[in-house]
Amino acid sequence: MKPIFFQTHTMAQKPVVMGPPKITRASKKNKKSWRVNIDVTEVEEGLEEERFNERIGGGHEKKKDEDLFMLDSAGAEKENEEKERLKKMKEEEKKAPVYSKNLSKLKAKNFKCFALLDGLPGAEDPIPNRKKQPISKVVVKALEEKDKKIVSQIDKIRKSRQRAMDEKKKRENIDEEYLRTKFAHDLWDDEDPDVNKKEVDKLLLSSQWIKHNTRVHIDTMTSNKHVPKVNMQKNKTLVPAVELPHAGQSYNPSVEEHQEILWKAAMIEIEKEKKAKKLERQLTGMFPTEDKAPTYREYLEEMAQGIPELGGKVEESDDDDDDAEGEDEAGFTKETKLKTKQQRRREILRRREEYLRKKAKAEKIEMDKIVSVKTYKKEMNATERAVQEKRERREAREVEKLKGPTTLSKYEYKPQNIEIKLSDEIRGNLRTLKPEGSLLEDRFKSLQRRRIVETREFQVAKKRNAKVVLNRKRLMGFEEELRVHNDRVRQKKKNKSFKMTKSRKMSSTRIESLI
Amino acid sequence: MTGKKIKKGTRGEVAKYISRNSALKKLMLGLKDFRRLCILKGVYPREPKNRKKVQGGSTVQRCLYQVKDIRFLMHEPIIWRFREMSAFMKKIKKAIHRNEKQRVERMDENSPKYNIDHIVKERYPTFIDAIRDLEDCLCLLFLFATFPTMGKKVPNQMIRLCQRLSIEFQHYVIEARALRKVFCSIKGYYFQADIKGQTVTWVMPHCVPFSHACEDVDLKVMAIFTEFYTTMLGFINFRLYNSINLTYPPKLAGMVESNADIAEDENTRVYALNRALHRVIIAEDVEKPDDIPMYDDDEKMEEAKKEQKAVESQRKLFEGLKFFINREVPRESLVFMIRCFGGEVSWDSNCAPGATYKEGDERITHHIADRPNIANKKLGRFYVQPQWIFDSINRRIKLNEKDYALGETLPPHLSPFVEGWRREGDYIPPEEKAILAEASQDSSVMEDGGNENVEENDEENENGEEMEEGEEGDSENDSEEGEEDSETETEKVEEVKIGTKAILDKAKLKEQQEKEEYRLREMLIPNKQRRLYHKIMKTRKRNAWEARKMTAKREQWEKDNAETKKKEKAAKKAAAKETAASVAAAE
């Protein structure tokens with residue numbers, strides 16, 4: 001196919017009319033009629049062709065053979081050429097600012113549209129000495145800035161991508177699965193955990209003159225965030241991880257040891273029973289049962305006690321009270337006697353003597369105190385000893401507490417049952433041994449006993465959108481009658497069958513008697 | 001001038017504690033993640049000294065954490081992973097609901113994972129720390145290794161990992177000959193091993209199907225613990241293996257890494273357990289006791305040396321012996337025990353893979369069976385019940401096989417852990433005494449007669465010595481007597497107690513039961529009458545005691561006066577005769 005440029009521009013063909021050509025005359029009076037009636041296509045085409053030839057660098061008749069035709073040499077060279085071309089493009093790309101990079105990439109694909117943009121080959125600039133207009137500085141700057149932005153963005157993306165790849169690689173190195181299954185290095189290779197720390201930090205942080213707060217401050221300020229290395233809060237429980245079994249829990253225990261553990265278990269059960277009984281006594285036991293509950297009549301009778309109008313009895317102790325009151329009133333009316341002068345003097349004397357006696361006694365006691373230092377020492381020792389003992393007891397109590405579970409949540413710890421085999425369940429051989437208890441439960445409860453896991457209870461999740469279904473009964477009015485009728489029919493049947501059996505029995509007895 | 005007003009709740013006990021909800025808020029985690037984090041990091045809820053003060057006057061039992069702990073948790077980088085994971089879960093759920101399969105696949109591949117190596121290191125800064133805390137880890141992993149497929153809460157992968165790690169650990173114990181004590185209880189097998197100088201005890205469940213009976217147990221929590229412990233045991237195993245010149249991970253025979261049924265794994269586990277591991281360098285790593293005095297006391301030093309010797313001999317207890325396990329005997333535990341002391345084991349190849357020799361092998365020394373009798377017994381081997389192994393390990397010598405023969409009523413299986421509990425002068429059951437005495441005599445028989453293996457004599461000697469020092473001082477002096485003598489002796493002891501066996505046994509049992517019932521009745525006496533009851537009983541006892549005293553006195557008196565009486569009688573008689581004679585003479 002001919003390239004588009006070489007398509008010949010033929011004259012516009014006119015409809016061929018048969019017969020001698022008609023001479024048509026048209027006016028050429030003004031410009032308009034000229035335009036309408038005179039055919040200028042030939043001229044225009046000629047001009048067009050001339051311009052076209054100008055664009056493509058002259059008509060092909062003017063061109064040399066080498067320009068028009070080319071020798072198809074081996075494919076390899078062509079490839080090389082292609083490669084070179086691409087290389088060139090890339091180099092250009094590198095040099096070129098980023099905003100033009102995408103464009104050049106597209107250009108590399110040889111789209112026709114871009115070929116056209118490049119201008120036609122061979123056309124000379126119509127203005128031979130054209131001065132290239134420089135792009136304004138503002139525009140260049142803006143473009144450059146844009147360029148930088150794009151570059152930074154691209155860098156960011158590239159980096160993040162790299163990071164993701166690295167992480168993935170790391171992950172692949174560690175493990176594919178969610179649990180670690182490969183253990184290929186010694187975790188405790190460097191036993192000293194402080195080896196990797198910086199020397200300065202070490203000096204600073206280990207210095208005994210620096211206070212804790214300052215140390216934290218230094219840490220945070222030097223972006224060496226203060227990370228507590230070891231959890232200082234240790235679990236204080238005294239319950240061992242594996243509680244050793246009682247000797248009576250052997251699969252083939254000795255009698256004494258077995259009895260011992262049986263007793264242990266029995267004691268626990270007895271305690272439980274006692275508690276249950278106590279609860280029963282104190283709660284349900286306090287109230288009468290339904291058949292012994294007081295009736296309304298009894299209630300009324302009780303309420304009417306002491307009201308004779310309602311038929312209740314009246315207690316007869318009221319009179320005595322009245323008498324007592326009378327006596328009291330009499331006491332109030334007693335007159336106070338005035339003291340005589342002599343009496344007053346004597347009283348004063350007595351008081352003074354009393355005062356002096358007391359003073360002397362106090363002095364004597366004070367004197368005695370000095371003498372009885374020994375007894376005081378004894379007393380002090382005794383109190384000290386008492387305090388000491390009290391403290392020891394308290395400490396012992398606290399230690400004892402640590403040997404058991406504690407309440408860490410609102411649910412109480414429920415102790416495990418002791419695993420025992422009753423005397424008749426012991427087989428004495430391994431083959432028929434049926435294990436007691438569950439080790440899983442044992443482990444779980446042990447965690448609770450050691451205060452590692454708080455006690456919990458399974459919560460049953462409520463159904464949020466439970467549908468309410470109305471169970472309607474559509475009564476039609478005749479149900480009662482129907483029921484009565486059915487009952488009657490049933491009764492009849494029963495009677496009938498009863499009669500039948502009776503008659504059959506009668507007959508059988510008769511037969512027996514006959515025999 | 002007034003001081004600065006202190007804001008409420010910022011000082012003292014209140015400021016030290018934080019409720020769980022506020023901890024969640026502070027860490028910006030959900031409850032599930034928080035629990036996981038706490039378990040992994042070893043942070044537990046605390047009970048304050050004064051709950052009322054801490055909780056602002058309320059006495060409701062709330063779950064409280066220490067602020068220090070929470071601050072410690074805040075620095076954990078794993079938290080970021082948890083957050084990522086929760087975001088990831090949202091995304092993937094969305095994708096699943098939109099049915100975007102490709103997206104789900106891609107997301108699955110890139111799902112966030114976390115690594116807890118550093119936490120293991122942090123919680124156990126040194127290797128010995130880790131071993132000190134090994135007990136919990138072992139119990140849990142050995143338990144999980146027996147699980148069937150459990151569904152979502154415990155993934156199969158975890159169970160399989162537990163199986164692998166537990167077997168690897170067992171292999172270490174075998175290779176290091178570290179096992180010391182065994183106790184077969186009704187709950188499971190208790191093992192005690194000496195690992196790097198630390199006593200480690202763990203439980204292995206009996207070989208019975210798993211029952212889903214316990215509802216109280218939160219399996220999810222247990223799974224998190226197991227997750228941590230698997231990583232821990234993995235690294236411990238690595239180091240332990242390296243310490244005895246074994247390559248880690250070992251190539252375990254018969255262990256298939258496929259997603260095969262877990263149910264069948266018990267057999268393969270035993271198969272793996274019965275094969276020796278490949279050692280890089282075969283070296284005698286027997287530590288010789290140093291002569292550096294550890295104790296000031298010479299006696300203590302001597303004791304320590306003796307103990308060392310005893311342990312050394314215990315390690316070689318089953319060396320040179322060949323065992324055959326009958327099909328009804330639990331294989332896994334017994335293979336482990338026997339191989340820990342140098343024995344060789346095999347079983348019927350029809351019932352499980354991994355048998356190394358056949359039943360007919362003539363070199364078999366012990367045939368372990370747990371049935372009343374076997375039809376075709378072979379000569380030249382002992383037929384014993386499995387308890388022989390447990391008791392021999394605990395006593396550190398090979399016990400008399402006759403006592404554990406098939407069909408024999410076994411002596412009670414006593415707990416090896418009890419010794420530590422007993423103080424001096426405590427009661428020791430007569431059965432244990434008898435066994436101790438017998439054991440010491442056994443060794444002496446070996447010395448004297450030498451009808452059994454000559455090779456073992458040395459060990460037995462040592463054992464004898466060690467038993468002596470382990471025992472109470474009274475029972476071992478008469479160890480020169482022979483085996484038969486010992487039997488008669490035991491019979492004598494029984495005679496003193498119960499006389500003829502068959503009849504008195506029942507009577508004794510009945511009596512015991514009656515006593516038990518009586519005691520129970522006694523316990524149920526109401527408090528009001530209890531004091532009176534005790535008074536009555538006391539007076540009765542006193543009376544009885546007095547009566548006994550009196551009778552004893554009387555008897556003593558009679559004994560003393562018997563001779564004098566006789567003399568008197570004789571004298572009287574003589575006097576009477578004399579008088580009679582004199583009378584007669586007079587007449």
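How many residues does the contact take from chain B, and how many from chain A? Select both chains of this predicted model. The contact takes 106 residues from chain B and 77 residues from chain A.

**Stop 1: the interface as a whole.** Color by chain. Chain A and chain B bury about 8,400 Å² between them. Carbon and sulfur atoms carry 63% of that area. Now pick Ile186(B), Lys187(B) and Phe235(B). No other three residues supply more of the area that chain B buries against chain A; their part is 10%.

**Stop 2: charges and polar pairs.** Show side chains. Nine salt bridges are counted between chain B and chain A. Zoom to Arg239(B) and Asp186(A). They form a salt bridge, with the closest N and O atoms 3.2 Å apart. Polar contacts across the interface come to 23 residue pairs, both partners at pLDDT 80 or more.

**Stop 3: helix α12(B).** Select α12 (219-243) of chain B. On the side of chain B that touches chain A, α12(B) gives the largest share, 12 residues. Color that side by class: 58 residues are nonpolar, 19 polar and 29 charged.

**Stop 4: helix α10(B).** Select residues 134-144 of chain B. This helix is mostly covered, with 11 of its 11 residues buried. Among them are Glu135(B) and Asp136(B), along with Cys137(B), Phe142(B) and Phe144(B).

**Stop 5: what surrounds α10(B).** Keep the helix selected and add its neighbors. From chain A, add α15 (439-449), which packs against the buried residues of α10(B). From chain B, add α9 (127-132), α11 (156-176), β4 (188-195), β5 (198-205) and α12 (219-243), which pack there too.

Notes:
Residues are numbered from 1 along each chain as its sequence is written. Chains are lettered from A and ligands numbered from 1 in the order in which they are written. This is a predicted model: local features need pLDDT of at least 70, side-chain atom pairs count only at pLDDT 80 or more; totals for chains, interfaces and linings use all residues. Side-chain values use heavy atoms; hydrogens and water are left out. Buried means under 20% relative accessible area, exposed over 50%, partly exposed in between (1.4 Å probe, protein chains only). Helices (H or I, at least four residues) and strands (E, at least two) are DSSP runs, numbered from the N terminus. Contact means heavy atoms within 4.5 Å. Buried area is the accessible area (1.4 Å probe) that two parts lose on being put together, summed over both. A salt bridge is a side-chain nitrogen of Lys or Arg within 4 Å of a carboxyl oxygen of Asp or Glu. A polar contact is a pair of N or O atoms within 3.5 Å; within protein, one must be able to donate a hydrogen and the other to accept it, and residues adjacent in sequence count only if both atoms are side-chain atoms. Ala, Val, Leu, Ile, Met, Phe, Trp, Tyr, Cys and Pro count as nonpolar, Asp, Glu, Lys and Arg as charged, and the others, Gly among them, as polar.
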